[in-house]
Amino acid sequence: MKFKADEIASVIQQEIKQYESRIDVRQVGRVLEVGDGIAQVYGLSDVMSGEMVEFSNGVMGLAFNLEENSVGVIILGDYLKIQEGDEVRSTGALLSVPVGEAVLGRVIDPLGNPLDGKGPIQTSETRPVESNAPSISQRQPVREALQTGIKAIDAMTPIGRGQRELIIGDRKTGKTAITIDTIINQKGKGVYCFYVAVGQKESTVAGIIETLRAHGAMEYTTVIVAGASSPAPLQYIAPYAGTAMAEFFTYKGGHTLCVYDDLSKQAVAYRQLSLLMRRPPGREAYPGDVFYCHSRLLERSCKLSDELGGGSLTALPIIETLEGEVSAYIPTNVISITDGQIYLQPDLFFAGQRPAMNVGISVSRVGGSAQIPIMKKVAGGMRLDLAAFRELEAFAKLGTDLDAATQQRLDRGYRLTELLKQGLCKPMHVTDQVLSIYAATRGYLDTVPVTRVQEYESKMLDYIHANEQALWDKITSVGKLDEDIESEIKRVLGAFTESFV
């Protein structure tokens, strides 16, 4: 076998041309102590706050506390395999998660690792978990409706694209059910949904995923899970990771919905980390910056200006109260950050009123600007009517004789309350909601027994879809209650009510 000298020479020349002198400089430190999901590390003097560090066994950590002689690191993985004296390297990178179309339909942990057994996430794009919220000039007012499909919410506390609407209430009052219905209702509307489960039982999360899959909602939904058994650092970063994944679509002009279920458990995880790091405790032992922890998360939700593509990120944070204590530390913090709240009351829930929304306390600070004109016109006085009905109901329980007008308002209130009851995973189209509410507020239900209100509603909608589909299509396309449409609605409802009674 002969060697060709000119070939060897050309290969060597090529290699010399391509050679680049690179020195990989990384800081290396040592673990001083480790336990409960945190480690104290000595020797990383140039590390940045929020920078990723890598332990010798491959587990990643996040620089959390920068102290004079050491760095407090929160460990994003199994801390039991890390021992005192282990090597720690700085990476020079901030914590990032995979983003893009590849995460849709997947169940992942807050670091982007798959939990659904469908293989790795195939995407080259990543986004930092923490990023600055858009400035005032980069936003625009919220005017476009995000339909939840729930009559009580779309009529009285409407949610707009880019809004932050808090869902607050005691445990087991249907908080998660509202968000799941909202996600199911986004089918075919071009809204990407992100459900972040923080500190939830994994059996509960599995049930939610199955519900979404059964209704075809997993196609446009990503579930980020930091369950009850996950370490506190993962529960703390989960909402930020979910927001980063949603922002990818928002900044491309898309519309996204992010559900944080729930932020009270994230606050507990953050309190645990802060106390272990010896940060000074404040009220209820939470650290002083727990407000900033939630505000920097929720301020990233907005409706972007047209120059930035006009995308939106809508947030539905959930807060669990104890015994209806809305004035506790975390609930008051999050109420002050959000653009309204839906308060769910246990006694309404147990009385069969579902969703168990307390109309008096629940508000939407965006108001009617996030409603279609016809819904605004039809449901305008409904909120006040229901609030007045609650007062009258309490008065009527005293057993006093009521005049005819008061009795009529009471009767209508009972029918309206019955009409607002809605089953699980049965979101309604906004046009169907308008027709139902029009029938209730304009007196068509006054002659119908309370026990048959639900039956009236379903048969009335079936009748319209079967015989008056042209009117339904017209209401959907026009979106306004002009004289022509109103007279048509009156004709149809009058004829149906007569036949029903």
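This is a short tour of a predicted model, going from its sheet to its cavities.

**Stop 1: the sheet.** Start by colouring the strands in the order 8-12-11-13-14-10-15-16; together these eight strands make an open sheet with mixed pairing. Now pick out strand 8 (107-108) and strand 16 (363-364): each has a single partner strand, so one side of each is left without a neighbour in the sheet.

**Stop 2: one edge.** Select strand 15 (residues 340-344) alongside strand 16; the two run antiparallel and are joined by two bridges. To find one of the bridge partners, show Gly-340 and look across to Ser-364 in strand 16.

**Stop 3: a helix on the sheet.** Next, select residues 232-250, which form helix 5 and pack on the sheet. Which strands does helix 5 touch? They are strand 8, strand 11 (191-198), strand 12 (221-226), strand 13 (255-261) and strand 14 (312-320). Draw the directions of helix 5 and strand 11 and you will see an angle of about 175 degrees.

**Stop 4: the largest cavity.** There are two cavities of 30 Å³ or more, and the largest holds about 60 Å³ of space. Helix 2 (151-156) and helix 11 (382-396) each give two or more residues to its lining. Show the lining residues, including Ala-152, Met-156, Leu-386 and Arg-390. By class, the lining has seven nonpolar, two polar and one charged residues.

**Stop 5: the second largest cavity.** Finish at a space of about 50 Å³. Select Asp-154, Pro-158, Ile-159, Ile-372 and Val-430, which are among the residues lining this second largest cavity. Its lining divides into eight nonpolar, two polar and one charged residues.

Conventions. Residues are numbered from 1 along each chain as its sequence is written. This is a predicted model: local features need pLDDT of at least 70, side-chain atom pairs count only at pLDDT 80 or more; totals for chains, interfaces and linings use all residues. Side-chain values use heavy atoms; hydrogens and water are left out. On a 1 Å grid over the protein atoms alone, a cavity is a set of points where a 1.4 Å probe fits but cannot get out, and a pocket is an open set with protein on both sides within 12 Å along at least five of seven lines; lining residues have an atom within 4 Å of a point. Grid points are joined across faces, edges and corners, and a volume is the space filled by probe spheres set on the points. Helices (H or I, at least four residues) and strands (E, at least two) are DSSP runs, numbered from the N terminus. Ala, Val, Leu, Ile, Met, Phe, Trp, Tyr, Cys and Pro count as nonpolar, Asp, Glu, Lys and Arg as charged, and the others, Gly among them, as polar. Two strands pair if DSSP finds at least two bridges between them. Contact means heavy atoms within 4.5 Å. Axes are lines fitted to C-alpha atoms, for helices over the stretch in contact, and angles run from 0 to 180 degrees between N-to-C directions.
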